[in-house]
Each structure stands twice: as structure tokens, then as C-alpha cells.
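The following points are offered as a colleague's note on the structure shown below. They concern charge pairs, surface patches, backbone geometry and cysteines.

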Amino acid sequence: MSSLWILTWSRLRYHWLTSGMLCLCLSLTFALPVTVQSLASRYEQDLRARSLATPLLLAAPGDRIGTVIQTLYFSGSTPPALHAGQLATLRQDYQGRFLPLLLGYSARSQPLVGCELDYFDFRNLSLAQGHLPQRLGDAVLGAQAARRLQLSLGDSLISDQSSLFDLASDYPLALRIVGILDPSGTPDDQAVFADIKTLWTIAQLLHGHTEATAPEALPHLSATDESETIALDAGLLPYHEITEENLASFHLHAPDQQLPLSAILFEPASQKEATFLRARLGQSTSLQILRPSEAVDELLSIVFRFKQFLDTNFALILLVASLFTTLVILLTLRLRKPEARLLHRIGSDRGTLFQLQALELAVIAGAAFLLALLLASLAQLLAPSLTEWL
């Protein structure tokens, strides 16, 4: 048997390129379905965990699944706006924790989320550095956002302008980085968080004034005026940065009840309170109440129908790969007939020749299986990073 191993190893080394390509093709054929299944399971697990951690969601009538995806994962189109007056009414009529969110803005392509401080406790987000937002213009970075943007405490981050052609819709604001969150393995890692009032400032609903006699205002005046009471509002002289000096001059330019919100997360005080809220708002035309887990399950049912197609496709690929491997083996045996005749002439019987060829195939198949196992294990280790990237 040792002589067969020597002959097998010698031949595999001599034909290393052919043997290596066959081994690689077999290993990829084995590893690809396992890897896709592993990533799909991890992705499904992450989606379900995020939705199950959010009991109820209140939003304006519209696309149910789109609203849940945008609110939970900060991806997709912005849902229709609610109003702060609706939040005040809900807090007065129902018991539980209402967490408003304002979405649809970004800073250097990272989602910019307006929230209250309770949101960090609700999502179990802890700080790695700094502190949570304490005033207008403060921002906190998720762990992944901090790495991508290469920012640290004390740096400034300019918000993106949603439209280059409508300068009155919003205006870039320099956000002051006051905190960086610990990694949580959730979409919160990719976001930039600020107080809702800071996003209202970007939307030109809350802004400040400066006196026209201030040095920074002079270039914006078209005529000289000796009065010290003239003031320029944000329409003429918008602040690019909120500082301690100009913070006191900021005020709302819209009624409190009409200020926009994107959605409201609701953590009921009891199951009875949740049932009561769903019953009361079930027929509402101004609010819809969603259970995120149901919307995500509906989304996954659509997505994993496509996965069933992929599974069938992988089965066909495996069949084609098996036929191709069989063809390669048959062609190899045909090319090795002179070698077989030579071994037969020096005393090898047909059984020995069969064992030699079977041993070569077994070595290649075994190496392909081990390589496939290694690739699948590597994909499993990288699954969190890959699902975040996806």
C-alpha cells in the first residue's frame, strides 16, 4: 500500500496544475451553497432580532414594509411625516415609552438620525468615548460610522444638502462630534445621531439671528446702516455652526404642533396597553400602527422565495459539476492508457491499476472537501462583517 501512496503522490505532484484546478473546482462547488446558506441564515437572524426588539411602530399611512425598513435599518425612502402634536397626544393618552425619530438626512453619506436620549437606552447602546448630545449641533457616531469617516471627539461633520437646486429646503450644518458608541452589531453602528431639534435646524425650521452690525454680517448688507438694531435672519445669513455665542438666538419658525417627525417607536407599559392602542388606532386615517416583526416576516417570505430558486440553481450547478468531473476523469483515464500498459508490463495487475486511480481521485476529493470546509468556516467567521456590508 505504501508503494501506491508513493506513486499517487508522485503523479499528483507532477500534474500539480491539473490536480489543483480539479480540487479547486470541486471545493467551490461544495462550499458555495453552504456559504450562501450560512450568510442567509445570519442575515435573517439579524433582521428578525432588530424587529423583535421593537414592539410597535407608529407612522403616517403609507408603505408598511418601506416604513419599517427605513425606521429600523435607516435604509430606503423616507416615510411620510408625522407631526409633533400627534406625539404629544399619544403621550397624554397612553402609558409607555414613545421614542420619536426624524429621518431622511445624512452626513457624508452616513444616515443622520434625529432622536431623544431614551433611544440609546432602548437600543442598549453604550458609549465608547465622550457623552450623548446635550445641546443643538451635538452629534454621536456609531462605531462603524466613526471608522468610515475617520473622525474623533471634537471634530466637525458637515450634514449633506438634500437638494442642490432648493437652497431653502435645508442648509448644511457643522455637527460637533461629542461621543462615539461601542459596536453593537446593528444598523446603529452606521448612523450619526443628533437631537431632533438639530435636524429641525438643518430643515430651516429652527434657526438663529445675528445683528447686522456684527463683523460676519457686513458682507451680506447691500447698504450701510448705522442702526444697531437691524438683524439678519437665517434666510440671509444661515449659521454653518452652532456655538455657545449664537446658541441663545436659535428659535422655532413653525408652531410646535406642526414640527415634522418620521416615525414613533412605542414600548408599551403592558400588553393590555399595546392591545388598547392597536384597537384605538386600527381605524385611524392619520396614523398607522405596525408590528415590525410582522412586516419583516412578510419581507423575508418574499426574499426567501428567491432563495429557493438559488437552492435549485445550486443543485443544478452541483449536477453539472459532477458530470464535468466525471468527464474529466474519463478523459484522464483514456490519456493514461499508455501508462497503464507500461505498469501492466512491469507486473502490475488490473486491480492494482484500479486502486492507484481510485486513490488519486480519493486524495483530490478529500482535499477538495477539506478546502470547502475551510472556506465555509471562514465565511462563518466573516458573516457579521459580510451581513453589515450587504
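1. Aspartate 138 is buried, with a relative accessible area of 1%; here buried means under 20% relative accessible area, exposed over 50%, and partly exposed in between (1.4 Å probe, protein chains only). Its salt-bridge partner is arginine 176, and the closest N and O atoms are 3.1 Å apart. The pair links distant parts of the chain, with arginine 176 in strand E8 and aspartate 138 in strand E6 (residues 138–141), 38 residues apart. Arginine 176 is partly exposed at 32%. A salt bridge is taken as a side-chain nitrogen of Lys or Arg within 4 Å of a carboxyl oxygen of Asp or Glu. Helices (H or I, at least four residues) and strands (E, at least two) are DSSP runs, numbered from the N terminus.

2. The basis of these values should be stated. This is a predicted model, in which local features need pLDDT of at least 70 and side-chain atom pairs count only at pLDDT 80 or more, while totals for chains, interfaces and linings use all residues. Residues are numbered from 1 along each chain as its sequence is written, and side-chain values use heavy atoms, with hydrogens and water left out.

3. Across the whole structure, 9 salt bridges are found. One of them joins aspartate 297 and arginine 48, at 2.1 Å from N to O. Aspartate 297 belongs to helix H9 (residues 292–335) and arginine 48 to helix H2, so this contact ties together parts that are 249 residues apart in sequence. Both are partly exposed, aspartate 297 at 35% and arginine 48 at 28%.

4. Further charge pairs deserve inspection. Arginine 291 forms a salt bridge with glutamate 294, with the closest N and O atoms 3.6 Å apart; arginine 291 has a relative accessible area of 27% and glutamate 294 has 40%. In addition, Arg97, Asp121 and Glu267 are linked in a network of salt bridges.

5. Which residues form the nonpolar patch on the surface? They are Phe30, Leu318, Phe369, Leu370 and Leu373, with about 500 Å² of accessible area together (Shrake-Rupley method, 1.4 Å probe; for residues, only the protein chains shown count as cover). Helix H11 (residues 350–381) gives the most, with 3 residues. Leucine 373 lies in this helix and is partly exposed at 48%. Patches consist of residues with over 30% relative accessible area and no salt bridge, with like charges joined within 9 Å and nonpolar side chains (Val, Leu, Ile, Met, Phe, Trp, Tyr) within 5 Å.

6. A positive surface patch comprises Arg334, Lys337, Arg341 and Arg345. Lys and Arg count as positive, Asp and Glu as negative, and His and the chain ends are not counted; a charge is placed at NZ of Lys, CZ of Arg, CG of Asp or CD of Glu. Helix H10 (residues 337–345) supplies the largest share, 3 residues.

7. Most residues other than glycine have a negative phi. Asparagine 124 nevertheless has phi near 55°; this residue sits in the loop between helix H5 (118–122) and strand E5 (127–130) and is exposed at 69%. Glutamine 204 has a positive phi of about 65°, in the loop between helix H7 (196–202) and strand E10 (206–207).

8. No disulfides appear: the search of the whole structure finds 0 (cut-off: a pair of cysteine sulfur atoms within 2.5 Å). Cysteine 23 is buried at 14%, and cysteine 115 is buried at 2%.
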